[in-house]
Every structure is written in structure tokens, then in C-alpha cells.
Amino acid sequence: MVNKKWLFIIILILICRIFAGADAAIKTGAAAKTFYCRGAFYMDWMGFKTGDADLYNRLSARLNTILWNRPGEGWTMFIDVRNRTTMGEDGKNQLILYDVRLSFDSLKSKLFFALGQMNLYDTAGIGQLTGGLAGFKLNRYLSAGLYGGFEPDIYNNKWSTAYQKYGIFARYIGHGAKQFSLSYNLVRFENKNERQFIYAAGLLPLSSYFIFYGDVEFELDPTVKSPDRLSRLFVNARVNLGKYADVTAHYSSGRGLDYHQFLLEQSQDPSTQNNEIERFYYNQTYGVRLSIKPFKNLRFYLSRQESEQKDLEIKNHTTGFGISVYNLLKTGISLYGNFNMNRGEASESDTYYISASRSFGKLSWSLSYANYYNGVHFTGSGTPEIVRILLPDQQTYSTDLFLILNRWLAFSLDYSYLAQTGSPQHQFFVRMILRK
């Protein structure tokens, strides 16, 4: 096991060394260009209170920055880290490393590298990786490479090298944002092959009238049954029908189960039933949305979506209506509302949401109301989880303020009130944003 705190210390030392080296070079006249530094620093406070329970509150600091050289101009350091502190007697401190890597990429070199903790969704579809990546540019548009390392748990203080990832990839980046990637990926746990699959993703804009995106995962392990080989398929296409209308269609099918996490949860809590997890195992959704813009500041939406839990053979249908108005009667007020009719064998009740916002120069203010709650909820033990709550007697009222003081400093203040029988809930969120 490797402790993340030591890596954090190494990162700070490296940053100080880079700054010191750059400063010394500039003072001696050896630096031909300035030291590059761009990013943002966030300070957050979040509070959550349910009924008569004590206030749950948490402080958070996040640094997201790019150092040394601009991306694509040589050696570059990417740092995206967060430190969270939960207040109270049972509070704890949590260090999260989203992205901490040293990379090399230059127009003058056919080789490129990356070392550290990174996200490989754009090349390999493998997600988070702690390790290394190396590649070679075959020509101006096409490159190929390989990667290796182990799976990090960004929410824990330590890594386990028993969970390993390897793969090879090819990537094409062309004119007009055209992109395509193809990779072979192998996941191993304790020296046993857990999963091997092919991943492909593509973005294809054709002029300004048609945009297509899709990704697919195909399992290669011989133990996987033939009907289960296509473990994920997602496509999204948009057609612009002139300046007054557009149509967007989507299709998604696949497994949402993490094999490794499933085994760990079963071993730690045998009471967890398989069917509680398998309902996420096979799913399929598809739909289409028509957007009509008869006037510059007015837009209507009409959508239809079908969803299916394949393992339970449950089908649901959703018909949605929406409207948005920008700068109503030149007052600076913008309005938005939607209504979804949910029907089917296991569908939710009908949902609706309305909001109003206005900009006062550097200050923006918005109000909203919904008959459901969709966001972060806290369990009895104070553990946060993302949930969607829909109850017949519940309403959610929210207000948000965003203030830009200058080009470097901004503040955000949010408050939500969940009115429900027995235990009303209050949620507060304050954020300071410092940009460089």
C-alpha cells in the first residue's frame, strides 16, 4: 500500500523546485520565456441540516492548475487536488488527488509521455490510472501508445497495487474537432485477469448541421457469454434544421456494474443482495428531443424517452415539455420550466421544475422550484451520497447568488429548502474562486 500523503509532499517539493529554478533562470537571463502558470483555487463550505439533527458541515480547498509550460509546448505539470475536512467530533480529513501528473508533449517531437495520476477516458476509456503513458505520433493527426499502472481510489488515503491496468491505444484528431480513439484494455486483480475489452469512441461534426458522438465497449474474456459481449453502447446525434429548430437523439445500453467493487461489497457486507445491484446490470434508454426557436429569445422543447431494465423486463416511458425565455421583455429576466409525464410499470410520478434568473452586471441571482430533490443527500452517519428523491408531499425551493468582484476573484452562495412532512431539510453552499 502506498500512502498518498507522501506523494502530496513530493508534489509540493517539486512545485517549489520548479518555481525556484524558473526564478533563478529569469534572474540570470537564461530564461527565454516566462514561467507558465494558469489555474484556480477554490474554498468551499457546505452545511446540511435535517429536522432536529445537528448541522453537518464541511470545509474544502481545491487547487487546479497547470505549471511550467503550456500544454503542447514541452514539459507540463498538471495538478488537481482537493482537501476536505468534516467538522464535529466525528469529523475527518480527506485528501483527494484527481489529477497529478508530469507530461511531455511538443509539436517538435514525435514522442509524448505522462507520469503520475491521470484520467484516460479520452484515449483508453479506462478511467483513472496511477502509472505511466507513452506514445508516438505517426503523423500530424494520428498517434499510438501504451499505458500501465494500477487503479487508484481517489477517496481513500492509500493505493493498492493489486488492482492493475494495462493497454494499448490509437488516437486520431483531425480538423473541425473530429476525433476517434481505439484501445485494448486489460484489468487484473491479484495477478488474475478480471476484465479485457476493446474501447472505441468518436466525435464527428459534419459542418454545422450534424454532430455525432458515440462510444462502445466490447468484452474479450472467453468467460463472458456472447449476448453480454457488447457491454456498453452510447450514441448521441444532433441535426440542426436551420436556425429555428434542431433534433437530438440518443441511445444508451450496457452494464453499470463494477465487477471488482461488487466483489468487495459482497465480502464486506454479505447481506447485500445480488438483485439490488443487478438492476443496474442491464439497462437501455433511447429518446429524441425536438427544440423549436421561433424567436431569438424563445425556445420550446418536446421530448420522448423509453427506458428498460432488461434483467427485470420493466419498461417505462417519459414525455417531456419545456420552455425557456431569455431577457423577457428586455427586463434582463430569464425563465425556464419543464414538465415530464412518466408512465410505465415502475415509473416515477410526474415531475416539474421552474426557475427564474436575472443578471445585475457582476451579480447574478436565480430562484427555482421543483417537486423533487436531485443532488447530494447525507445518511444518518453523515456520509454524502448522490440521490434523487421524489415524494408526493415534497417541494424543493432554491436560490443562488454568483458575484464576480474582478477578473481574479468570485463568490457563489447557494441555499436549498426541502419542504417535506416530518423532517424539513436545509442545504447551504458557499464558494470562493480565485483564478490566475
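# Exercises on Salt Bridges and Surface Patches

At a relative accessibility of 23%, R431 counts as partly exposed. The exercises below concern a predicted model, and the first of them returns to this residue.

**Exercise 1. Identify the salt-bridge partner of R431, and state how far apart in sequence the two residues are.**

Step 1. The partner of R431 is D44, and their closest N and O atoms are 2.8 Å apart.

Step 2. This pair connects distant parts of the chain: D44 belongs to strand β2 and R431 to strand β26 (residues 425-435), with a separation of 387 residues.

Step 3. The relative accessible area of D44 is 6%; since the cut-off for a buried residue is under 20%, D44 is classed as buried. R431, at 23%, is partly exposed.

**Exercise 2. Determine which other residue forms a salt bridge with D44, and describe the resulting network.**

Step 1. R82 also forms a salt bridge with D44, and here the closest N and O atoms lie 3.5 Å apart.

Step 2. R82 is located in strand β4 (residues 73-86) and D44 in strand β2, so this salt bridge ties together parts that are 38 residues apart in sequence.

Step 3. R82 has a relative accessibility of 8% and is therefore counted as buried.

Step 4. Taken together, D44, R82 and R431 are linked in a network of salt bridges. As general background, side chains of opposite charge can pair when their charged atoms come close.

**Exercise 3. Characterise the salt bridge between R299 and D246: its N to O distance, the strands involved, and whether each residue is buried or partly exposed.**

Step 1. The side chains of D246 and R299 meet at an N to O distance of 3.2 Å.

Step 2. The pair links distant parts of the chain, R299 being in strand β17 and D246 in strand β15 (residues 245-254), 53 residues apart.

Step 3. R299 has a relative accessible area of 22% and is partly exposed, whereas D246, with 5%, is buried.

Step 4. For the structure as a whole, the number of salt bridges is 13.

**Exercise 4. List the residues of the nonpolar surface patch, and name the strands that each supply at least two of them.**

Step 1. The patch covers about 780 Å² and consists of V239, L241, L290, I292, F300, L302, F321, I323, F339 and Y352.

Step 2. Strands β16 (283-295), β17 (298-309) and β18 (314-325) each contribute at least two of its residues.

Step 3. I292 may serve as an example: this residue lies in strand β16. Membership of a patch requires over 30% relative accessible area; I292 has 39% and is partly exposed.

**Exercise 5. State which residues form the positive surface patch, and locate R38.**

Step 1. The positive patch is made up of R38, R70, R407 and K436.

Step 2. R38 is placed in strand β2 (residues 36-50).

Step 3. With a relative accessibility of 38%, R38 is partly exposed.

**Exercise 6. Place these details within the whole protein: how many helices and strands does the protein have, and what fraction of its residues is buried?**

Step 1. The protein comprises 3 helices and 26 strands.

Step 2. Of its 436 residues, 35% count as buried.

Step 3. Among contacts between residues at least 6 apart in sequence, 42% join residues at least 24 apart.

Step 4. The accessible surface amounts to about 25,800 Å², and carbon and sulfur atoms account for 61% of that area.

Methods: Residues are numbered from 1 along each chain as its sequence is written. This is a predicted model: local features need pLDDT of at least 70, side-chain atom pairs count only at pLDDT 80 or more; totals for chains, interfaces and linings use all residues. Side-chain values use heavy atoms; hydrogens and water are left out. Helices (H or I, at least four residues) and strands (E, at least two) are DSSP runs, numbered from the N terminus. Buried means under 20% relative accessible area, exposed over 50%, partly exposed in between (1.4 Å probe, protein chains only). Contact means heavy atoms within 4.5 Å. Accessible areas come from the Shrake-Rupley method with a 1.4 Å probe; for residues, only the protein chains shown count as cover. Patches are made of residues with over 30% relative accessible area and no salt bridge: like charges are joined within 9 Å, nonpolar side chains (Val, Leu, Ile, Met, Phe, Trp, Tyr) within 5 Å. A salt bridge is a side-chain nitrogen of Lys or Arg within 4 Å of a carboxyl oxygen of Asp or Glu. Lys and Arg count as positive and Asp and Glu as negative; His and the chain ends are not counted. The place of a charge is taken as NZ of Lys, CZ of Arg, CG of Asp or CD of Glu.
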